[in-house]
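Here is a walk through one protein chain, from its overall make-up to its core and then to one pair of packed elements. Please keep the sequence and the model in view while reading.

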Amino acid sequence: MSWIAWALLVSVIPLGIPRYFADSGFRWPLKQSTTSYLLVAVLGLAGLAAAIGDHLPAASSIPHELVVVASVAAATLGGGPVTETVFRLAAFKREAGDDASEEVEPSPLRGGMWIGLLERAAIASTLWASWPEGLAVVLAVKGLGRFSELKQHAAAEQFILGTFVSVLWACAAVGVGRIISL
């Protein structure tokens, strides 16, 4: 079962990548929300496969370093589409074509995609380094960097929601990796 969990964890990586090339004209055939639900399902199945696996020596022969790299990559790249779908569900954004007559307000927080990538990579890395205090450092730096922008109500809501989704996604990806590594 570890190999199945490993394969599912690794498959999260290419599912998350297309979101970061959307501005370059690349079009992913699935809607953003469909991709997000698929990412959550695949990561959940990876966790389930890892948890119910019998972890025989032959099944757990995946090198620990590969599991670490795959879970950090899955945490980093898979969290963006999931976060954007949660924003859509919370009515911060609408998907193109859902209601083209209404204009979507621009995000009050600039650079969120790149900050989210770095945040999830840092969170996953600190958890793999067995330094959970690093989570507090990452969140403190993020909060201090956005402090002046958080006076707007919409910005504060988006900041809190985005941070929670990113942190939970990164923790889930690391958790699946840790179960695989047992």
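The model is a predicted one. The accessible surface of the protein chain is about 9800 Å², and carbon and sulfur atoms account for 70% of that surface. The chain has 182 residues, 40% of them buried.

In secondary structure, the protein chain holds six helices and zero strands, which gives the pattern α-α-α-α-α-α along the sequence. Among contacts with a separation of 6 or more, 84% are between residues 24 or more positions apart.

The interior comes next. The largest nonpolar core has 32 residues, and within this core Leu9, Val12 and Ile180 touch the most other members. Two or more residues of this core come from each of α1 (2-16), α2 (32-52), α3 (64-89), α4 (112-128) and α6 (153-181). The largest share, eight residues, is given by α6.

Leu9 can serve as a point of entry. Leaving aside residues up to four places away in sequence, Leu9 touches Leu43, Ala46, Val67, Ala70, Ser71, Ala74, Ala173, Val176, Gly177 and Ile180.

How do α1 and α3 cross? Their axes come within 8 Å and cross at roughly 40 degrees. Because of that angle, α1 counts as oblique to α3. The crossing of α1 and α3 is left-handed. On the α1 side, the residues that meet α3 are Trp6, Leu9, Val10, Val12, Ile13 and Gly16. Their partners in α3 are Leu66, Val67, Ala70, Ser71, Ala73, Ala74, Leu77, Gly78 and Pro81.

Definitions and conventions:
Residues are numbered from 1 along each chain as its sequence is written. This is a predicted model: local features need pLDDT of at least 70, side-chain atom pairs count only at pLDDT 80 or more; totals for chains, interfaces and linings use all residues. Side-chain values use heavy atoms; hydrogens and water are left out. Helices (H or I, at least four residues) and strands (E, at least two) are DSSP runs, numbered from the N terminus. Buried means under 20% relative accessible area, exposed over 50%, partly exposed in between (1.4 Å probe, protein chains only). Contact means heavy atoms within 4.5 Å. Accessible areas come from the Shrake-Rupley method with a 1.4 Å probe; for residues, only the protein chains shown count as cover. A nonpolar core is a set of buried Ala, Val, Leu, Ile, Met, Phe, Trp, Tyr and Cys residues joined through side-chain atoms within 4.5 Å. Axes are lines fitted to C-alpha atoms, for helices over the stretch in contact, and angles run from 0 to 180 degrees between N-to-C directions. Angles under 35 degrees count as roughly parallel, over 145 as roughly antiparallel, 65 to 115 as roughly perpendicular and the rest as oblique. A crossing is left-handed if the near helix is turned anticlockwise from the far one by less than a right angle, and right-handed if clockwise.
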